[in-house]
Amino acid sequence: MAAPTERNQDATVYVGDLDPKVTDSLLWEIFVQAGPVVNVHMPKDKLTMQHSGYGFVEFRSEEDADYAIKVMNMVKVYGKPMRVNKASRDKKTLDVGANLFIGNLDPDVDEKLLYDTFSAFGVVITAPKIMRDPTSSESKGFGFISFDCFEASDLAIECMNGQYLCNKQISVAYAFKKDSKHERHGDQAERFLAAQNPQRARPNTMFAATPSETPLPPPEMAAPPQGGYQQYPQMSPPPMPMGPPMGYPPMGGRPPMQMQMQMM
């Protein structure tokens, strides 16, 4: 599982926000469930040999990599949700300011559910963040999520503000800027700068889809086994009862022959 000399970038996914206990072999075992893995590479410190919290997984095909992104993104490993996206796309995505505040969250809502819910509206560029108590790790009832464009964030506000998530009505609005307590994201200046960004990724609108997005051809009929199908035992249905079902009177309302003889 050493780092490859030449990597198929289109078939490689970036895996971030990894717990320090995650190893190369564990990452291989996790992602091989999504498709055939060619290589796993986790950059490590030369002295401590500890990884830096991220790695790369190369698949056999681009379709396998796309499928892994759909099913593995935000899956928790050692309690931390992984961030999985295309390696060739990771450095091109810019934070344009399409950052949303999501309030009144149910305690059962985690980062995975938040991602699955809001990624249908556009590309989520960073892992959703739910604010938690530092000692108990319990949710404080609000979080943040960032998109790569304002079209996606506007649509998320329009569709999700006031909707119910885990039986609680949530509020969705643009988050306040870090350098200002009274100014929110989504102003005209940010939208103008975002329009100049040529790098745009496709939104994730499919979850747990098949690795191949093209329709599969109908399966071909297999050749009969040697000796023909006659070598297998023929299954026949059980014989049907001749009389009426148990518990029902006989047809015509007449008593059975045995009863007729007793009545004579």
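1. A good place to start is the open sheet of 4 strands ordered 8-9-7-12, in which the pairing is antiparallel. Pairing here requires at least two bridges found by DSSP between two strands, and the elements are DSSP runs numbered from the N terminus: helices are H or I with at least four residues, strands are E with at least two. Strand 8 (129-132) and strand 12 (171-174) stand at the edges with a single partner strand each, so one side of each has no neighbour in the sheet. From one strand to the next, the twist averages 25 degrees; axes are lines fitted to C-alpha atoms, for helices over the stretch in contact, and angles run from 0 to 180 degrees between N-to-C directions.

2. A word on the basis of these notes: the model is predicted, local features need pLDDT of at least 70, side-chain atom pairs count only at pLDDT 80 or more, and totals for chains, interfaces and linings use all residues. Numbering runs from 1 along each chain as its sequence is written, and side-chain values use heavy atoms, with hydrogens and water left out.

3. Within that sheet, strand 8 and strand 9 (residues 139-147) run antiparallel and are joined by 3 bridges. K129 has F144 of strand 9 as its bridge partner. Helix 5 (residues 150-160) packs on the sheet and touches strand 7 (98-103), strand 9 and strand 12, with its direction at about 150 degrees to that of strand 12; contact means heavy atoms within 4.5 Å.

4. F144 turns up again in the second largest pocket, as one of the residues closest to the centre among the 14 that line it. The volume of this pocket is about 350 Å³, the space filled by probe spheres set on grid points joined across faces, edges and corners. A pocket is an open set of points on a 1 Å grid over the protein atoms alone, where a 1.4 Å probe fits, with protein on both sides within 12 Å along at least five of seven lines; lining residues have an atom within 4 Å of a point. Strand 8 and strand 9 are the elements giving two or more residues to the lining.

5. Now to the other sheet to look at: open, 4 strands, order 2-3-1-6, antiparallel pairing. Strand 2 and strand 6 (83-86) are its edge strands, each pairing on one side only. The twist averages 20 degrees from one strand to the next.

6. Strand 1 and strand 3 pair in the antiparallel sense over 4 bridges, and the bridge partner of Y14 in strand 3 is F56. Helix 1 (residues 24-31) packs on this sheet, touching strand 1, strand 2, strand 3 and strand 6. Helix 2 (residues 62-72) packs on it too, touching strand 1, strand 3 and strand 6.
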